[in-house]
Amino acid sequence: MKITRTIAALFATCATVGAVACAPAQSGPAGEGGDARTGTLRVWLFDEANRAPKEAVVNEAIAEFEAAHEGVDVDVQWVAVEGRADKFSGAFNDPSNAPDVAEFGNTDVASYVETGAMADLTSDIESWEHGADLLPSVLETTKVDGKVYGLPWFTGVRALYYRTDVFDELGMRPPATMDELADTAREIRKQKPELYGISVGGKYTYAMLPFLWAHGGELATQESDQWRASLSSDAAQRGVSAYTELISADICPPQQCADMTGTQSVQAFSGGKAAMTIGGDFNRKAIEEGLGDTFGVVPLPGTDKGSIAPAFAGGNLLGVFDASERRGLAVEFTQLLGSPEYQSKMYDAMGNLPTLSGTQSELAGSDEFLTPFIDTLQAGTKFVPATPAWSQIDAQQILPTAVQQVVTGEQDVRMALSGAAEQMNSAFGG
């Protein structure tokens, strides 16, 4: 077994380098690979701020895999998430430098598949003994034109975190609707002005999307092969208005919150500066470090009592490069890492929410923290448009810019979303 570290990335983040760096360079279809059963299996996995727990689980899987496959050596390289665009672009343009297996985010699927470099894993997932247990909504995020291009390794959804000590002190209960959420946040800010009623940010797109979807809005719709932005609809405007209402002087002041990202929003909450925030299951450890056990979690409510707002279905996949000379081994290794045993181990190590329904249920039985996130998944999640253009839309920060224009008073919701829709349609090629 050999593990090496990748060279530092040339680009800082997708959000700052522009569309060219975020969208992988185009290439023709990769050359046909092979199915050798010995040799070195090259694997790229994302690095972490604290890699040790993840690395320990991966090392355990490598030892098991190598013991079961004589003559096979697994070589893992740790890829900095911020530098993934350059790293993957190099592999797309030069298949000889591509790995056999790679971890990547589900929002990158469409742009990666467009290069012709990723293997179609549809039949491999269908024949996998655990394939039928994959959550359908999560599996959808791996597809392009109905074909599966990755095994969902973990998923991530967001829910509403709240300070139990603050709510107890003020005699409050968690809000049951989006309107109640705004009212509750406003009342907390009024009674405890040192706190944000809820910490959300102008650059926190994945907190905004549930508001858009809960009000019946959509980012875009597809007709035949053409995507068209839907942000100008009345429903979309109502949803974005409901979100931007939270970034106001009496809840989360624009001077501090207009520029906040998702990470910064969660940090404000874990640092004791806010009574609520919208955070993922993957934020648990950071929040526990800041607040101990003085917090609770409930699903982000929808517009009606008892409803749950549709969450963005984030997560990472394990894919196979089409140029792999060891395709069978590559598929087997992804299936080992994605098995119930190793999804459970990754949850224990990293807090990653499993993609197998049986594994989720088993873990929820012993950890009630998972319940609101599983309830959110079961209520139905949504995803961004499955098109390579999304990488460009994301890189250009079209949605965050529109939200910031509204909360700073530069434009009203209708104008801001109309402008964003025009930019999205330009990216879609319309």
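**Note on strand β4 and the salt bridges**

1. In strand β4, V101, E103 and G105 point one way while A102 and F104 point the other way, and all of these residues are buried. The model under discussion is a predicted one, and the remarks below should be read with that in mind. In a regular strand the side chains alternate between the two faces of the sheet.

2. Strand β4 covers residues 101-105, and because five of its five residues are buried, the strand is largely enclosed by the rest of the structure.

3. The pairing of β4 involves two further strands, which may be taken in turn. With strand β2 (residues 39-46), β4 pairs in the parallel sense over two bridges, and V43 has V101 of β4 as its bridge partner. With strand β14 (residues 314-320), β4 pairs in the antiparallel sense over five bridges, and here E103 has L318 of β14 as its bridge partner. E103 is thus worth locating in the model, being one of the buried residues of β4 as well as the bridge partner of L318.

4. Turning to charged side chains, the count of salt bridges comes to 19. One of them joins the side chains of E48 and K54, with an N to O distance of 3.1 Å. The two partners differ in their exposure: E48 is partly exposed, at a relative accessible area of 30%, whereas K54 has a relative accessibility of 1% and therefore counts as buried, the cut-off being under 20%.

5. A further salt bridge is formed between the side chains of E55 and R51, where the N to O distance is 3.5 Å. For R51 the relative accessibility is 12%, so this residue counts as buried.

6. Where in the chain do the partners D124 and R327 lie? These two residues form a salt bridge in which the closest N and O atoms are 3.1 Å apart. Because D124 belongs to helix α6 (residues 122-127) and R327 to helix α15 (residues 327-337), the pair ties together parts that are 203 residues apart in sequence. As to exposure, D124 is buried, with a relative accessible area of 15%, while R327 is partly exposed, with a relative accessible area of 28%.

7. Finally, salt bridges also link residues into a network, whose members are D183, R186, E245 and D250. A colleague inspecting the model may wish to view this network alongside the salt bridge between D124 and R327.

How values were computed
Residues are numbered from 1 along each chain as its sequence is written. This is a predicted model: local features need pLDDT of at least 70, side-chain atom pairs count only at pLDDT 80 or more; totals for chains, interfaces and linings use all residues. Side-chain values use heavy atoms; hydrogens and water are left out. A salt bridge is a side-chain nitrogen of Lys or Arg within 4 Å of a carboxyl oxygen of Asp or Glu. Buried means under 20% relative accessible area, exposed over 50%, partly exposed in between (1.4 Å probe, protein chains only). Helices (H or I, at least four residues) and strands (E, at least two) are DSSP runs, numbered from the N terminus. Two strands pair if DSSP finds at least two bridges between them.
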